[in-house]
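The following note sets out points for discussion, in numbered form. Please read them alongside the sequence and the coordinates.

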Amino acid sequence: MIGKLNHVAIAVPDLRAAAALYANTLGATVSEPVDQPAHGVTVVFVDLPNTKIELLHPLGEGSPIAGFLERNPAGGIHHICYEVDDIVAARDHLKASGARVLGDGEPKIGAHDKPVLFLHPKDFCGTLIELEQA
Ligand code: CO
């Protein structure tokens with residue numbers, strides 16, 4: 001059911017420092033910071049040949065990653081995103097399998113203007129999973 005790894009999202013306390021680390025120390029191609037007010041984050045995209053890394057930093061009040069950074073002040077992997085062909089079919093299959101879909105279970109338009117859902121980390125090896133309809 002799941003397809004390509006779309007991205008790995010890493011929450012970081014200092015976006016400029018993290019972008020410089022990826023650009024200079026790791027030699028990757030990084031974007032300028034992009035504010036995504038609807039998602040409460042500022043993102044730097046790191047382009048790799050086979051996937052992307054998204055460096056996330058809280059934007060505004062009540063950012064969904066603020067609590068994560070309080071618990072992980074040095075930063076850390078926040079979620080991984082897998083592509084699916086049909087997000088509603090994927091959701092129905094997962095719910096029938098007993099997995100918990102976060103929120104009201106309806107796909108939302110994600111950071112790439114595509115429908116996304118998040119799955120409860122306790123049901124998936126301690127990893128927050130985002131599904132994105134490719
Ligand atoms: Co994501």
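Which strand supplies the largest share of the lining of the largest pocket? The points below take up this question in a model that is predicted.

1. The answer is β8, which contributes three residues to that lining. Strands β4 (41-47), β5 (52-58), β6 (76-84), β7 (108-109) and β8 (115-119) each provide at least two lining residues.

2. The largest pocket encloses about 510 Å³ of space. Its lining comprises 26 residues, and H39, P64, V116, F118 and E130 lie nearest the centre. Classified by type, this lining has 12 nonpolar, nine polar and five charged residues.

3. A cobalt ion has three protein donors, H7 (NE2), H79 (NE2) and E130 (OE), at 2.0 to 2.2 Å. The donor residues follow the sequence spacing H-x71-H-x50-E. Because H7 belongs to strand β1 (residues 5-11) and E130 to strand β9 (residues 129-133), this pair ties together parts 123 residues apart in sequence. Both H7 and E130 are buried.

4. E130 thus appears twice in this note: as a donor of the cobalt ion and among the residues nearest the centre of the largest pocket.

5. The second largest pocket holds about 190 Å³ of space. Its lining includes the cobalt donor H79, along with P64, F68 and R71, among others. Here β6 gives the largest share, three residues, while α2 (66-71) and β6 each supply at least two. By class, the lining divides into six nonpolar residues, five polar and one charged.

Definitions and conventions: Residues numbered from 1 in each chain as written. Predicted model: local features only at pLDDT ≥ 70, side-chain atom pairs only at ≥ 80, totals over all residues. Heavy atoms only, no water. Donors = N, O, S within 2.8 Å, 3.2 Å for Na, K, Ca; no water. Helix = DSSP H or I, 4+ residues; strand = E, 2+ residues; numbered from the N terminus. Buried < 20%, exposed > 50% of the residue type's maximum accessible area, 1.4 Å probe, protein only. 1 Å grid on protein atoms, 1.4 Å probe; cavity = no way out; pocket = protein on both sides within 12 Å on 5 of 7 lines; lining within 4 Å. Points joined across faces, edges and corners; volume = space filled by probe spheres on them. Nonpolar A, V, L, I, M, F, W, Y, C, P; charged D, E, K, R; others polar.
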